[in-house]
Amino acid sequence: MSRYSKGAIILHWVMAVMIIGNLAGGFLHDFVPNDAGQRSLVMGLHKSFGLTIIGLTLVRLGWRIANPPPAFPHYFTGGERLLARAAHGAFYLAMLAIPLSGWVMADRNTRPLPFFGLFEVPKFGVDKGIADAAHELHEILGWAMLALIALHLLGLLKHLLLDRDNLLVRMGLGKGRAAARA
Ligand code: HEM
Ligand code: HEM
């Protein structure tokens, strides 16, 4: 079975870890104890990794144009192709819109926005109303991203169990027994 390019595979897995970490940090930060400032450490990392994700998404889109993904296996139906394309497109939109909304909502306060303690990231300087709306959007998009990940995993599981093809091989995991129907 054909595979994604090495660069696409590395970017996929590095970003998957970062995004899942950021979803966990975002949704669960209220449960982090704060007696020694751990919560602000978690949120500082959340913001810096989030901003990194904007850059990595742009690199990934550029890489994708230069190294187009492998064709879908020939037995994929038209509906499957459409659903996979729509879900992957929605992922790319979310990978930009979530961190951008987080960045805009940084104007809810006047605290500086450091990038891993290295330098200060400028803010947009928007009104409080816009920053509050960005906060709402950030949360809604966070749930949308969780739903997309669930759909992504259900799709893989459907292929593994019903179609008996292991699409993980296309994303660099495992080798050999690529697909019963390939
Ligand atoms: C892909 C990157 C990101 C993901 C997946 C993500 C996800 C989330 C999620 C799910 C929440 C919880 C929302 C809620 O329940 O209110 C959250 C909260 C938050 N995020 Fe992000 N985020 C990302 C990037 C960013 C960036 C770039 C910033 C700022 C520069 C940021 C700042 C914040 C802040 C300050 C909160 C806490 C909001 C509150 O206290 O209610 N996030 N994030
Ligand atoms: C936040 C988490 C994740 C995001 C944002 C994400 C995003 C994506 C995107 C955008 C693609 C399409 C790549 C392209 O055509 O440019 C893709 C493909 C793929 N992903 Fe993920 N992914 C995530 C997590 C996972 C996980 C946890 C797994 C497996 C356990 C996985 C397995 C795969 C596989 C096998 C493909 C190739 C599908 C094909 O055959 O075309 N992904 N992913």
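What follows is a short conversation about how some features of this predicted model earn their labels.

Me: Let's start with the metal. What makes the site of the iron atom of ligand 1 octahedral?
Reply: The iron atom has six donor atoms, with angles of 87 to 179° among them. Six donors count as octahedral if opposite donors are over 155 degrees apart and all others between 65 and 115, so the site gets that name. For reference, ideal angles for six octahedral donors are 90 or 180 degrees.

Me: Which protein atoms coordinate the iron atom of ligand 1?
Reply: NE2 of H46 and NE2 of H138 do, at 2.0 Å. Donors must lie within 2.8 Å of the metal, so both histidine atoms qualify. The pair links distant parts of the chain, with H46 in helix 2 and H138 in helix 4, 92 residues apart.

Me: Why are H46 and H138 called buried?
Reply: The cut-off is under 20% relative accessible area. H46 has 14%, so it is buried. H138 has 19%, so it is buried too.

Me: How do you know that the side chain of H135 makes a polar contact with ligand 1?
Reply: An oxygen atom of ligand 1 is 2.9 Å from an N or O atom in the H135 side chain. The limit for such a pair is 3.5 Å, so this is a polar contact. H135 is also among the residues that come nearest to ligand 1, along with G26, H46, M105 and H138, out of 20 around the ligand.

Me: Now the interior. What makes F91 a well-connected member of the largest nonpolar core?
Reply: This core has 16 residues, and F91 is one of those that touch the most other members, together with M15, I19, M95 and M145. Helix 1, helix 2, helix 3 and helix 4 each give two or more residues to this core. Leaving aside neighbours within four places in sequence, F91 is in contact with M145, L148, I149 and H152. A second, separate core of six residues includes L51, A106, L113 and F115.

Me: What is unusual about the phi of F116 and of R164?
Reply: Most residues other than glycine have a negative phi. F116 has a positive phi of about 45°, and R164 has one of about 55°. F116 is in the loop between strand 1 and strand 2, while R164 is in the segment after helix 4.

Me: Why is F116 called partly exposed but R164 exposed?
Reply: Exposed means over 50% relative accessible area, and partly exposed lies between 20% and that value. R164 has 56%, so it is exposed. F116 has 35%, so it is partly exposed.

Notes. Residues are numbered from 1 along each chain as its sequence is written. Chains are lettered from A and ligands numbered from 1 in the order in which they are written. This is a predicted model: local features need pLDDT of at least 70, side-chain atom pairs count only at pLDDT 80 or more; totals for chains, interfaces and linings use all residues. Side-chain values use heavy atoms; hydrogens and water are left out. Helices (H or I, at least four residues) and strands (E, at least two) are DSSP runs, numbered from the N terminus. Buried means under 20% relative accessible area, exposed over 50%, partly exposed in between (1.4 Å probe, protein chains only). A nonpolar core is a set of buried Ala, Val, Leu, Ile, Met, Phe, Trp, Tyr and Cys residues joined through side-chain atoms within 4.5 Å. Contact means heavy atoms within 4.5 Å. Donors are N, O and S atoms within 2.8 Å of the metal (3.2 Å for Na, K and Ca); water is not among the atoms, so sites may look incomplete. Four donors count as tetrahedral if all angles lie between 85 and 135 degrees; four count as square planar and six as octahedral if opposite donors are over 155 degrees apart and all others between 65 and 115; anything else is irregular. A residue is near a molecule or strand if one of its heavy atoms lies within 4 Å of it. A polar contact is a pair of N or O atoms within 3.5 Å; within protein, one must be able to donate a hydrogen and the other to accept it, and residues adjacent in sequence count only if both atoms are side-chain atoms.
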